[in-house]
Amino acid sequence: MRLGESLCRARKACGLSQEEVAEKLGVSRQTISKWETDETLPDIRQAKRLSTLYHVTLDELVSFDIEVRAIQEMVRQTSEETQKKIDWTKLWSEKYPILASYQSEVSIEDYTAPLQALLDRLKQDYGYGDEDAFLVLKDILGKLWTQRQE
């Protein structure tokens with residue numbers, strides 16, 4: 001995606017007009033238009049001000065994706081109570097069918113003791129609670145997956 005398109009999408013996601021952004025940054029509306037059509041680029045200071053105004057990091061601004069942003073916002077706004085009502089395995093198994101079938105194929109008990117030892121070590125070595133230890137283990141597995149994909 002072009003930078004101009006990212007700038008335009010981020011601005012619209014915040015519900016701002018080009019005129020409003022121009023006023024807040026002390027530039028003309030035409031300058032905002034030129035940035036959004038890739039005629040010119042904002043300098044680094046202006047880019048930082050745009051990222052602050054649009055509530056995104058510079059990295060996010062460069063590759064702003066409204067769909068990703070919407071999903072992130074939905075997750076942030078979902079209460080703990082609502083999250084507990086969701087059958088996450090069933091939901092994710094719609095995308096990854098193995099999640100619905102592995103339980104009848106894999107002897108889960110064979111893996112619980114080693115995984116419990118890892119969780120206990122995370123809790124002991126770093127003072128994490130149960131939920132935090134599980135999240136760290138999930139993240140470790142995610143990083144392993146990412147490395148295999150590269």
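Reader: How do the residues lining the second largest pocket divide into nonpolar, polar and charged?
Author: This is a predicted model, in which local features need pLDDT of at least 70 and side-chain atom pairs count only at pLDDT 80 or more, while totals for chains, interfaces and linings use all residues. Residues are numbered from 1 along each chain as its sequence is written, and side-chain values use heavy atoms, leaving out hydrogens and water. Nonpolar covers Ala, Val, Leu, Ile, Met, Phe, Trp, Tyr, Cys and Pro; charged covers Asp, Glu, Lys and Arg; the others, Gly among them, are polar. For this lining the split is five nonpolar, no polar and two charged.

Reader: Which helix gives the largest share of that second lining?
Author: A pocket is an open set of 1 Å grid points where a 1.4 Å probe fits, with protein on both sides within 12 Å along at least five of seven lines, and lining residues have an atom within 4 Å of a point. Here the lining is Leu 118, Arg 121, Leu 122, Asp 125, Tyr 126, Leu 137 and Ile 140. Helix 10 and helix 11 (a helix is a DSSP H or I run of at least four residues) are the elements giving two or more residues to it. The largest share, five residues, comes from helix 10.

Reader: What is the volume of the second largest pocket, and how much space lies in the largest one?
Author: Volume means the space filled by probe spheres set on the grid points. The second largest pocket has about 160 Å³. For the largest pocket, the value is about 1,600 Å³.

Reader: Which helix gives the most to the lining of the largest pocket?
Author: The lining has 27 residues, and those closest to the pocket's centre are Trp 88, Trp 92, Leu 99, Lys 138 and Leu 141. By class, 19 are nonpolar, four polar and four charged. At least two residues each come from helices 6, 7, 8, 10 and 11. The top contributor, with eight residues, is helix 11.

Reader: At what angle do helix 10 and helix 11 pack?
Author: Leu 115, Leu 118, Leu 119, Leu 122 and Lys 123 of helix 10 meet Asp 130, Ala 133, Phe 134, Val 136 and Leu 137 of helix 11, where contact means heavy atoms within 4.5 Å. These residues are eight nonpolar, no polar and two charged. The axes (lines fitted to C-alpha atoms over the stretch in contact, with angles from 0 to 180 degrees between N-to-C directions) lie 9 Å apart, and the angle is about 115°.

Reader: And at roughly what angle do the axes of helix 2 and helix 3 cross?
Author: Among the residues that meet are Val 21 and Leu 25 in helix 2, and Ile 32 and Trp 35 in helix 3. The whole contact has five nonpolar, two polar and three charged residues. The two axes come within 8 Å, and they cross at roughly 110°.
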